Amino acid sequence: MLTTRPRGTSDILPGEVEKWQYLEQVIRNLCREYGYREIRTPIFEHTELFERSVGEATDIVEKEMYTFKDRGNRSISLRPEGTAAVVRAYLENRLYAGPQPVKLYYLGPMFRYDRPQAGRYRQFHQFGVEALGSHDPALDAEVMAMAMDLYSRLGLKEIELHVNSLGCPQCRPVFRERLREFFRERDGVLCRHCRDRLERNPLRILDCKEEGCRGAAQGAPTVLGSLCSPCEDHFRAVLGYLEQLGVPYTVNPCLVRGLDYYNRTAFEVVARDVGAQSSIGGGGRYDGLVEACGGPDVPGIGFASGLERVLLAMERQGISVPSPPGLDVFLVAADEAAREQSLVLVQQLRKSGLAADRDYMGRSLKAQMKFAGKLGVGLVAICGAGELARGAVILRDMRTGIQEEVPLSKLVEEVKLRCTGRKESAPVNGNHAGA
Ligand code: HAM
């Protein structure tokens, strides 16, 4: 136990973490360009928030939350998703009182207790955006275009956008009742969960993966046939904007999403290469959510993407990412006297903006050189008593093997000169750093 991480979690080690940093950088640039600003909320909230927003009858709240009593006997849950907390923060900090829409993004860990498999984890990471305060269907289209823009910037191919409308509190009850009638006649072939869903949440039967339920859903009434005219107009406008933006999409009337807060637009982004967990992102409109959480009647739309799944899709498609530069120079001490001096020298190099390191394992000169090689450092500064007495060090280019004595007073300048041109990105391929 002591040396094993909990199931469904991962350690992101050097070698792998650079891919995360790259992905996060692409995301931050994207958000800046689309006018979203970062919000950081706690990773746990009062359980009630998720019950009210995500919905008590959803799998997430019923079966997947990490819920516990804290020492003050409050029911607390690790966040299973980001929307609820953003809405809570929007209310608590009265962001509705300022100019609208408020466009926010987040990046961070989420927690769901589900059966782990490739692409499905108990601690996973989401990038999400939430735009609060506008009913404009152009914003729905922009959010979807933004999601697709992210995947295309990352070089992902064969990514599909599936769109649906889930109606609103006026038209959805009619649809729900039609569905109930339809499935009641077929409840003999429904799975145990869907028989249970029939009364509580019949829409979910539409996206059940069980064969019997999929068969039963053939010919089921679609929500699109039950939309009230404002919802229909909204949906048409969203699709029209997507076309104007040149974002390809498929209308999928079976798309219902696993969270209760959605109305009108709902969408999912599917990657062919990720296997069973093919949804790399999903989102939609949640116009009644702010009010349901005790606030004013403010609409909202957003989406979230699972970073593990995005990275998995990138890996399966053979997409490599640029690696950040490593150390500029490694200081090798040829003897004991130089070892002490190198501590001061390495610090001077860092203060001048260079990335520098030295040995802390008492290695021999030869072993220090070998270690520098393993680190992949391009330049090594070798200092020995003789050189130091002359106020100099030897600079060795590890690629060419060419060595040159340089005065200590010029060390920073010389290292900087040699590093220019070396910092171009090279792809990260290996899984873990050898060091
Ligand atoms: P969601 O569809 O539950 O939506 O999750 C969004 C994405 O998170 C999924 O498409 C998937 O990529 C990733 N994901 C979900 N569960 C896991 C898991 N167990 N392991 C790995 N990745 C996972 C939401 O969470 C909504 N809050 C999205 C949203 C934002 N809607 C409006 N605004």
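Q: Hi! How do the residues of the shell around the ligand divide into nonpolar, polar and charged?
A: Happy to help! This is a predicted model, and in it the shell splits into 10 nonpolar, 10 polar and 6 charged residues.

Q: Nice. Which of the residues around the ligand come nearest?
A: There are 26 residues around the ligand, and the nearest are Glu81, Thr83, Arg112, Glu130 and Tyr262.

Q: Let's take Tyr262. What does a polar side-chain atom of Tyr262 lie 2.6 Å from?
A: That atom of Tyr262 sits 2.6 Å from a nitrogen atom of the ligand. Thr83 also has a polar side-chain atom by a ligand nitrogen, at 2.9 Å.

Q: And the ligand's oxygen side: which residue has a polar backbone atom 3.2 Å from an oxygen atom of the ligand?
A: That one is Ile280, and here the backbone provides the polar atom.

Q: Cool. How much of the ligand's accessible area does the protein cover?
A: On its own the ligand has 660 Å² of accessible area, and the protein covers 96% of it.

Q: Which elements give two or more residues to that shell?
A: Those are the strands β6 (123-132), β10 (279-285) and β11 (300-306).

Q: Which one gives the largest share?
A: That would be β10, with 6 residues of the shell.

Q: Switching topic to helices. At what angle do the axes of α2 and α4 cross?
A: The crossing is at roughly 110°, and the axes of α2 (residues 47-55) and α4 (residues 83-92) come within 9 Å. An angle from 65 to 115 degrees counts as roughly perpendicular, so that is how α2 and α4 are placed relative to each other.

Q: Which residues make the contact?
A: From α2 you have Leu49, Phe50 and Ser53, while α4 brings Ala84, Ala85 and Arg88. Sorted by class, the contact of α2 with α4 has 4 nonpolar residues, 1 polar and 1 charged.

Q: Now the backbone. Which residues does a cis peptide bond join?
A: The cis bond joins Gln100 and Pro101, with omega at about -5°.

Q: Where does Pro101 lie?
A: Pro101 is in the loop between α4 and β5 (102-111).

Q: One last backbone thing: which residue has a positive phi although it is not a glycine?
A: Look at Arg257, where phi is about 70°. Arg257 belongs to the loop between β8 (250-251) and β9 (263-271).

Note on methods: Residues numbered from 1 in each chain as written. Predicted model: local features only at pLDDT ≥ 70, side-chain atom pairs only at ≥ 80, totals over all residues. Heavy atoms only, no water. Near = heavy atom within 4 Å. Polar contact = N/O pair within 3.5 Å; in protein donor to acceptor, adjacent residues only side chain to side chain. Areas by Shrake-Rupley, 256 points an atom, 1.4 Å probe, with all protein chains shown as cover. Helix = DSSP H or I, 4+ residues; strand = E, 2+ residues; numbered from the N terminus. Nonpolar A, V, L, I, M, F, W, Y, C, P; charged D, E, K, R; others polar. Axes fitted to C-alpha atoms, helices over the stretch in contact; angles between N-to-C directions. Parallel < 35°, antiparallel > 145°, perpendicular 65-115°, else oblique. Contact = heavy atoms within 4.5 Å.
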